Amino acid sequence: MAAVAARPVSRMLRRVLRSSVRSCSSGAPVTLPRPGEPSQPATEELSRRRQFLREHVAPFSAFLTDSFGRRHSYLRISLTEKCNLRCQYCMPEEGVPLTPKAKLLTTEEILTLAQLFVKEGVDKIRLTGGEPLIRPDVVDIVAQLHRLEGLRTIGVTTNGINLARLLPSLQKAGLSAINISLDTLVPAKFEFIVRRKGFHKVMEGIHKAIELGYNPVKVNCVVMRGLNEDELLNFVALTKGLPLDVRFIEYMPFDGNKWNFRKMVSYKEMLDTLRQQWPELEKLPEEESSTAKAFKIPGFRGQVSFITSMSEHFCGTCNRLRITADGNLKVCLFGNSEVSLRDHLRAGASEEELLRIIGAAVGRKKQQHAELFLMLQDSPPAILSLSSWDPLRVQDLRHRMSFSNQVATLWKGCRVPQIPPLAQWWLGSGSLQRHYSSHRDSATNPKCLSPVSPAPATHSGPLPTSDQLTHVNTEGRAAMVDVGQKPDTERVAVASAMVLLGPVAFKLVQENQLKKGDALVVAQLAGIQAAKLTSQLIPLCHHVALSHVQVQLELDSTRHAVVIQASCRARGPTGVEMEALTSAAVAALTLYDMCKAVSRDIMLGEIKLISKTGGQRGDFHRA
């Protein structure tokens with residue numbers, strides 16, 4: 001049965017790719033040289049094709065035009081469901097269930113469908129995934145697509161891990177456009193977000209694309225509040241000397257990342273941030289059917305763009321269709337409606353039958369992704385919807401936190417260049433090596449993540465005590481303290497914790513050999529995040545707009561322990577002791593989680609307040 005079903009596909013593919021004369025939907029003849037015959041010069045052939053198309057303009061295919069008059073000339077084809085990263089906002093650490101190989105599109109089926117769509121007017125195809133560059137025959141697929149008459153652009157969206165290695169071959173095969181996904185310029189944060197190493201490989205891929213003449217090289221950055229919105233200026237700074245189009249993408253909901261309204265940073269908010277730094281930012285003309293709002297800073301080589309899928313959707317000009325790795329046609333990224341082209345292909349459907357099926361699906365396309373906006377309306381801004389699987393838990397409401405600046409400060413003593421020089425160094429150098437280390441450097445600095453100790457709190461006398469619990473009312477019930485009448489003062493608190501790892505786990509942490517990754521860096525990031533989320537974890541804590549968080553981890557080889565010290569600073573009517581204690585405690589818990597596979601005999605202890613300054617009740621310093 002399988003052999004019988006495959007015959008029509010093979011016959012169709014032979015007609016499409018091996019006939020000596022082909023034509024596109026405009027009727028333009030294309031003569032392919034026979035074996036042994038000399039080929040025409042590429043420039044002459046391209047000029048002849050363009051001239052013919054100008055003289056024989058045909059109406060756009062009715063099959064690819066929906067009921068709202070939108071012409072779908074852009075096709076995205078997923079080559080695989082697999083990915084070599086595990087991004088926090090995309091999938092769980094263990095991955096997702098994969099479709100059996102027999103149910104995925106074969107190379108012949110991909111090329112057959114691509115030819116059919118191009119024949120009807122599609123002039124741009126983008127290869128996606130999963131991660132498309134892990135498919136073994138991706139170069140051959142690009143080469144075959146390049147032969148299709150009428151196809152003007154072949155692009156790829158990649159995470160960049162394999163790009164530097166494959167790009168020379170892909171360029172020769174006909175790849176004309178590149179989008180590279182990169183959500184941070186901080187190497188350790190990259191590893192935290194994607195749960196894998198590889199920052200230097202992505203930067204090498206961007207460097208290779210520029211070297212090979214791609215202009216612009218598009219860099220896609222999904223902006224998430226509490227994680228990377230503070231890196232906007234660093235990304236934009238890269239466009240000063242490099243031909244990049246940095247594209248900031250509004251965080252979007254999918255089945256699996258559990259939409260959370262507060263994670264989204266809107267286009268207007270991002271634009272305001274950029275204009276504060278570069279008021280001369282200019283709006284560029286928008287191309288028809290473009291999803292991006294483009295801007296340029298005068299004198300910069302590159303540009304920046306915003307993909308406003310959420311705040312200002314572009315459904316009205318959408319010209320995109322998608323084919324999934326298992327052969328389903330999706331007319332809208334947000335819609336649940338799909339039709340299996342794979343099944344019809346394997347059942348022996350003719351081109352005419354396939355076109356009728358495609359046309360019916362396109363005709364059913366809605367005016368906009370209405371289900372999404374209903375969901376937004378049903379999500380009150382005051383409610384946080386934490387994902388059941390999302391370990392990131394980053395709903396940062398403290399807009400003034402500068403996360404990457406804090407991390408850059410913490411890593412000064414670990415040979416990490418600050419940003420944007422960090423990324424510019426990567427893009428401008430052929431030497432690639434790991435640029436941060438979380439193990440102890442006995443020759444220079446035992447405090448591997450921060451050589452700078454916070455200034456000790458001054459002691460201004462004994463701490464006045466109270467004979468009543470401040471979080472209990474006169475009836476003995478829990479109540480939040482009213483701080484509305486208290487004056488704003490500078491508040492600083494330092495807390496500490498200790499994790500006794502034992503000799504085996506300690507050595508692995510010291511040498512950065514844990515399978516889960518860099519335990520000290522992950523614990524440090526967790527401590528910073530915990531400080532910012534304290535009011536959501538401790539019921540009666542006030543929300544505090546922290547101005548600074550510092551988490552230091554020191555290896556103690558005599559006790560096989562990690563000593564954690566967290567310092568928090570804010571200006572306001574209430575102290576930050578709880579933020580510092582929560583930060584130290586969560587950093588300790590994170591270390592336990594990172595090391596528990598090695599040893600269960602790990603002890604957490606000595607969580608305590610070291611000092612606090614500011615406030616009406618005076619300062620405190622533990623002897």
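Here are a few exercises with worked solutions on this predicted model.

**Exercise 1. Work out the strand order of the twelve-stranded open sheet and find which strands stand at its edges.**

Start by walking across the sheet: the order runs β9-β10-β11-β8-β7-β6-β5-β4-β3-β12-β13-β14, and the pairing is mixed. Next, look at the two ends. β9 (282-283) and β14 (338-340) each have a single partner strand, so one side of each has no neighbour in the sheet. Now zoom in on one pair: β3 (residues 74-78) and β4 (residues 124-128) run parallel to each other and share five bridges. To check the register, take Ser-78, whose bridge partner in β4 is Thr-128.

**Exercise 2. Decide whether the buried residues of helix α4 sit on the same side or on opposite sides.**

First list the buried residues of α4 (residues 138-146): Val-138, Ile-141, Val-142, Gln-144 and Leu-145. Then ask how far around the axis they spread; the arc is only 165°, which puts them on the same side of α4. The spacing rule helps here: an α-helix has 3.6 residues a turn, so residues three or four places apart point the same way.

**Exercise 3. Find the residues with the most contacts inside the largest nonpolar core, and the helix that gives the most to it.**

The largest nonpolar core holds 96 residues. Inside it, Phe-117, Ile-125, Leu-145, Leu-182 and Phe-248 have the most contacts. As for helices, α3 (residues 107-119) gives the most, with seven residues. There's also a second, separate core: it has 40 residues, among them Val-509, Leu-525, Val-544 and Leu-546.

Now pick Phe-248 and set aside its neighbours within four places in sequence. What's left on its contact list includes Cys-221, Val-223, Leu-232, Phe-235, Met-270 and Phe-306.

**Exercise 4. Take the salt bridge between Lys-119 and Glu-351 and say which helices it ties together.**

Begin with the distance: the closest N and O atoms of Lys-119 and Glu-351 are 3.3 Å apart. Then place each end. Lys-119 lies in helix α3 and Glu-351 in helix α11 (residues 351-363), so the pair ties together parts 232 residues apart in sequence. Finally, check the surroundings: Lys-119 is partly exposed at 28% relative accessible area, whereas Glu-351 is buried at 17%. For context, the whole structure has 17 salt bridges.

**Exercise 5. Trace the salt-bridge network that contains Glu-490.**

Start from the bridge between Arg-569 and Glu-490, where the closest N and O atoms are 4.0 Å apart. The two residues sit in distant parts of the chain: Arg-569 is in strand β17 (residues 561-572) and Glu-490 in strand β15 (residues 489-500), 79 residues apart. Both ends are partly exposed, with Arg-569 at 33% relative accessibility and Glu-490 at 37%. Now follow the shared partners: Glu-490, Arg-569 and Arg-571 are joined into one network.

**Exercise 6. Where does Arg-225 lie, and is the residue buried or exposed?**

Locate Arg-225 first: it's in the loop between β7 (217-223) and α8 (232-238). Then compare its relative accessible area with the 20% cut-off for burial. At 9%, Arg-225 is buried. Last, look for a polar partner: a polar side-chain atom of Arg-225 lies 3.1 Å from the backbone oxygen of Met-264.

Technical notes. Residues are numbered from 1 along each chain as its sequence is written. This is a predicted model: local features need pLDDT of at least 70, side-chain atom pairs count only at pLDDT 80 or more; totals for chains, interfaces and linings use all residues. Side-chain values use heavy atoms; hydrogens and water are left out. Helices (H or I, at least four residues) and strands (E, at least two) are DSSP runs, numbered from the N terminus. Buried means under 20% relative accessible area, exposed over 50%, partly exposed in between (1.4 Å probe, protein chains only). A polar contact is a pair of N or O atoms within 3.5 Å; within protein, one must be able to donate a hydrogen and the other to accept it, and residues adjacent in sequence count only if both atoms are side-chain atoms. The arc is that of the directions from the helix axis to the C-beta atoms. A nonpolar core is a set of buried Ala, Val, Leu, Ile, Met, Phe, Trp, Tyr and Cys residues joined through side-chain atoms within 4.5 Å. Contact means heavy atoms within 4.5 Å. A salt bridge is a side-chain nitrogen of Lys or Arg within 4 Å of a carboxyl oxygen of Asp or Glu. Two strands pair if DSSP finds at least two bridges between them.
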